[in-house]
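Reader: Can you take me through this model? I'd like to start with how far to trust it.

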Amino acid sequence: MFTVANQKGGVGKTTTTVNIAAALARSGLEVLVIDNDPQGNASTALGVEHPSGTVSTYDVLLGEVPMQDAVTVSGALESLWCVPATVDLSGAEIELVSLEGREYRLRTALAEYLRWRDEQGLPRLDYVFIDCPPSLGLLTVNAFTAAAEVLIPIQCEYYALEGLSQLLNNIELIKGHLNPELTVSTILLTMSDTRTNLAREVAGEVRGHFPNETLSAVIPRSVRISEAPSYGQTVMTYDPSSSGALAYLQAARELSDRGAAAATTESHR
């Protein structure tokens, strides 16, 4: 389970979430995306309708419905599922404050959903991705307590590392007080224009700080990636042979290989 987070806006969180999820689903894996951002952009990119009033992440967090009532299949891929977000979610930060176990609402709902799938004899989910808003409020805290791993997209631009130390400090606080299993396992460089020295310098700096976490794949700036959501698609289905789709496919393969290697190591202990 991955929480995709960076409190800096416009770095490619949602784009990374939906495209890596779609790449994994295209290979036959069962993948769930939880749209935890009131903007609902992940829902749009996955072709899931999400007008106000749709059963959504908001209802799940407030405990009004079980997660299975909100899960919807993506328009393009049968094994890609989405819990959509609506504009109602923007009020959840305030409504959650007075609720018992407010930091664990998403974690509890997701655990109950996974148990329900087992009871129904449904296929096991291979990956869960949680898309976060660009802030460190209760919605993001819920995402950090629900997942074991954090994936941080970093834009290959000036100020790329700005705010990252604050994000890492907050993750350490969550780890110390709410979710000891949480770890920053993956960093993905996004929006790279490799023709510029700046992009190469930023990539080098990030890899210097996070040599083990940073994926080899680098997502290029791409018109096709930008266009895909306006057609209710990910770039994986909109233009699967484009440079952006191929880069996300490589990133997904790296994630999958890392997961397989970790599982092998665990089985030999």
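Author: What follows covers confidence, one helix pair and one residue.

Author: This is a predicted model, in which local features need pLDDT of at least 70, side-chain atom pairs count only at pLDDT 80 or more, and totals for chains, interfaces and linings use all residues. Residues are numbered from 1 along each chain as its sequence is written, and side-chain values use heavy atoms, with hydrogens and water left out.

Reader: What is the mean pLDDT of the protein?

Author: The mean is 92, and 97% of the residues reach 70 or more; pLDDT is the predictor's confidence in each residue, from 0 to 100.

Reader: Which element has the lowest mean pLDDT?

Author: Helix α11 (residues 243–267), at 85, while strand β2 (residues 31–35) has the highest, 98. Helices (H or I, at least four residues) and strands (E, at least two) are DSSP runs, numbered from the N terminus.

Reader: Now the helix pair. Which residues of α6 meet α7?

Author: Val141, Phe144 and Thr145 in α6 meet Leu167, Ile171 and Ile174 in α7, where contact means heavy atoms within 4.5 Å.

Reader: Switching to Thr16: where is it found?

Author: Thr16 sits in helix α1 (residues 13–26).

Reader: Is Thr16 buried or exposed?

Author: Thr16 is buried, because its relative accessible area is 1%; buried means under 20%, exposed over 50%, partly exposed in between (1.4 Å probe, protein chains only).

Reader: Which residues does Thr16 touch?

Author: Leaving out residues up to four places away in sequence, Thr16 touches Leu151, Pro153, Leu188, Thr190 and Tyr248.
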